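User: Could you take a close look at the aromatic cluster in this model and at what surrounds it? I would like the cut-offs behind each term as well.

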Amino acid sequence: MTHLTRLVALSIVVSSWTVSAQDDGQTPAVPLAQALKLGPEKLTKFTDESEAGMDAAAILYATAKRVATERALAEKDVNLVLQLDAWRDAIRDCRESAFSLGYITNGGGTMFSHGSARDQAEVEDFLGNFATKFPLKMGKGSPKAKKKIDEALAFIKTLKVFDSGDPASDKEAKANLDTEVKRVSQHWESLRFMCEELPAELAMEVATFATNALKLLKEEG
């Protein structure tokens with residue numbers, strides 16, 4: 001399963017409840033303040049408690065949190081919104097690797113698309129706090145943060161595909177894994193470079209949050 005294909009599948013899953021609601025003319029209004037107050041778990045009252053509904057609730061919350069965070073930054077300087085967006089992409093790409101790699105190494109599984117959707121809420125909560133430190137001060141990074149990211153990279157390169165017993169299928173899965181490892185390694189290397197320009201404490205915060213997403217893969221391994 002390619003990264004693009006997986007993202008398309010995820011998009012279909014998390015939007016299914018919205019499409020059906022729109023068809024019935026019953027899409028509920030979700031005010032920003034209420035979305036922030038309820039959080040991803042209680043926002044299922046606007047979706048439903050199915051797996052897709054919980055995914056959608058997490059995305060509703062993440063969207064609300066992102067709007068609130070960007071609005072607060074824009075009041076200071078719109079340039080800060082762009083800077084935060086660069087960090088969002090870098091952090092999200094690294095955390096997303098846990099789900100894309102997990103999908104390949106386990107031979108599929110909807111848990112990874114659900115995990116990816118729900119992780120958006122965690123990312124935006126982290127960025128909401130991270131944004132309070134903007135404008136960021138220049139620093140020289142942290143050896144501990146660098147070590148965390150290096151360990152994440154080393155772990156990713158040890159992953160192996162699930163043995164399905166079908167040589168042809170396993171060969172394809174291995175090729176997909178090799179391609180994905182190379183792709184996501186670039187994201188981790190980019191984040192490591194970005195962290196080298198942060199004060200030590202902030203670099204450690206980013207590295208810790210990003211690498212925590214790999215815990216599920218490590219537990220399964």
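Analyst: Happy to, starting with the term that the cluster rests on. Rings of Phe, Tyr and Trp (its six-membered ring) pair if their centres lie within 6.5 Å; planes under 30 degrees apart count as stacked, over 60 as edge-to-face and the rest as tilted. With that rule, Trp87, Phe126, Phe130, Phe134 and Phe209 form one aromatic cluster.

Some ground rules before the details. This is a predicted model, in which local features need pLDDT of at least 70 and side-chain atom pairs count only at pLDDT 80 or more, while totals for chains, interfaces and linings use all residues. Residues are numbered from 1 along each chain as its sequence is written, and side-chain values use heavy atoms, leaving out hydrogens and water.

The structure holds four aromatic pairs. In one of them, Phe126 and Phe130 have ring centres 5.9 Å apart and planes at 15°, so this pair is stacked. Both residues belong to helix α5 (residues 110-130), where they sit four residues apart, about one turn of the helix. Helices here are DSSP runs of H or I with at least four residues, numbered from the N terminus. Phe130 also pairs with Phe134: their centres are 5.5 Å apart and their planes at 80°, so that pair is edge-to-face.

How are these rings placed, buried or exposed? Phe130 is buried, and Phe134 is too; buried means under 20% relative accessible area, exposed over 50%, and partly exposed in between, using a 1.4 Å probe and protein chains only. The relative accessible area is 0% for Phe130 and 13% for Phe126, which is buried as well.

At Phe209, a charge joins the picture: Arg95 lies over the face of the ring, at 4.0 Å from its centre. A charge sits over a ring if NZ of Lys or CZ of Arg is within 6 Å of the ring centre and within 35 degrees of the ring normal.

Another arginine, Arg88, lies in helix α4 (residues 78-105) and is buried, with a relative accessible area of 0%. Leaving aside neighbours within four places in sequence, Arg88 is in contact (heavy atoms within 4.5 Å) with Arg66, Glu70, Glu124 and Leu127.

Finally, the cysteines. The structure holds zero disulfides, a disulfide being a pair of cysteine sulfur atoms within 2.5 Å. The sulfur of Cys195 is 8.6 Å from the closest cysteine sulfur, in Cys94, too far for a bond. Cys94 is buried at 0% relative accessible area, and Cys195 counts as buried at 3%.

Conventions
Helix = DSSP H or I, 4+ residues; strand = E, 2+ residues; numbered from the N terminus.
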